[in-house]
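This report looks at how strands pair with one another in one protein chain. Please keep the sequence and the structure in view while reading.

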Amino acid sequence: AQAGQAAATLIAAQLIQYPQSVLGLATGSSPIPAYRQLIAWHREGIVDFSKAVTFNLDEYVGIPPTHPASYHTFMEEELFSAVNIQRDHIHIPDGSAANLQRECSDYDTAISRAGGIDLQLLGIGRNGHIGFNEPAPDFVVATNCVNLKESTKTANKRFFAEDEQVPEKALTMGIGTIMKARHILLCVSGEGKAEILKKVLYGPVTPQV
C-alpha cells in the first residue's frame with residue numbers, strides 16, 4: 001500500500017506540474033494500488049486527467065477490446081471510468097487489428113507525434129519480462145508482436161475463464177520505445193518478485209533481464 005501511494009505521488013506530481021503530460025500506463029496487479037490512490041485524489045480535486053494523454057504498454061492478440069481479460073477492459077475498470085480523462089486521449093494497442101505489423105508501427109508513430117512519453121509506469125514479470133517483452137537473445141526496439149512464453153501464460157491464466165485459453169501472442173511496446181520515456185517508474189512488490197528484482201538491481205543489463 002505504501003509503495004502504491006509513493007508511485008501515485010510521483011504520477012500526481014507529474015500531472016500537477018504538467019497537466020498535459022503523456023503517461024505510459026501498465027496493467028497487472030502491481031499498478032493497482034497506485035491507480036486507486038490516484039482515483040481517490042481525483043475525487044478530492046487534487047489530480048486532474050483532463051489534459052493528460054495515455055499510452056498503454058501492451059494488449060493481447062486475438063481477443064476483442066470488450067473481452068473481460070483484455071487490457072482495454074482492465075484500464076476502464078481500474079482507472080479510466082473513475083477519472084476525467086478524455087476518451088480520444090487514451091491509446092491502447094489494438095490486438096484485433098487486421099494488420100498487426102502496421103498497428104505496431106502506427107503506435108510508435110502516435111507516441112512520437114504526442115511528443116514522447118513523459119512518465120512510463122512499469123511492472124515486471126517473475127521471469128523478467130517488461131510489458132510483454134520476454135527474455136530473448138536480443139533487445140526488441142520497437143512496438144512489436146510477441147509470442148508469449150508458457151510461464152507468462154500460466155501467470156495470466158487466472159484472468160481468463162476456466163475453459164478459455166490464454167492468447168498465444170500480444171502486442172507490446174519494445175524496450176527501445178519504453179527507454180525513450182523521460183522518466184520510468186517501476187513498481188515491484190511481493191516476495192515472489194524478490195529474486196528477479198535482485199537480478200534487475202545487481203546483475204548485468206541483458207536482453208534476458
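## Parallel pairing around strand S2

In this predicted model, strand S2 and strand S4, which covers residues 90-91, pair in the parallel sense over two bridges. Within this pairing, Phe55 stands opposite His91 in S4.

Strand S2 also pairs with strand S1 (residues 22-25), to which it is joined by four bridges, and these two strands likewise run parallel. Here Val22 has Val53 in S2 as its bridge partner. Between S1 and S2 the chain passes through helix H2, made up of residues 32-43, and the resulting β-α-β crossover is right-handed.

## The two faces of S2

In a regular strand, the side chains alternate between the two faces of the sheet. Are the residues on the two faces of strand S2 (residues 53-56) buried or exposed? Val53 and Phe55 lie on one side, Thr54 and Asn56 lie on the other, and all four are buried, so that both faces of the strand are covered.

## An antiparallel sheet

Elsewhere in the description comes an open sheet of three strands, arranged in the order S3-S7-S6 with antiparallel pairing. Strand S3 (58-60) and strand S6 (144-147) are its edge strands, since each of them pairs on one side only. On average, neighbouring strands of this sheet are turned by 25° against each other, if direction is ignored.

Strand S3 is joined to strand S7, which spans residues 169-172, by three bridges, and the two run antiparallel. In this pairing, Asp58 stands opposite Thr172 in S7.

How values were computed:
Residues are numbered from 1 along each chain as its sequence is written. This is a predicted model: local features need pLDDT of at least 70, side-chain atom pairs count only at pLDDT 80 or more; totals for chains, interfaces and linings use all residues. Side-chain values use heavy atoms; hydrogens and water are left out. Two strands pair if DSSP finds at least two bridges between them. Axes are lines fitted to C-alpha atoms, for helices over the stretch in contact, and angles run from 0 to 180 degrees between N-to-C directions. Buried means under 20% relative accessible area, exposed over 50%, partly exposed in between (1.4 Å probe, protein chains only). A crossover is right-handed if, with the strands pointing away from the viewer, the path from the first strand over the helix to the second runs clockwise.
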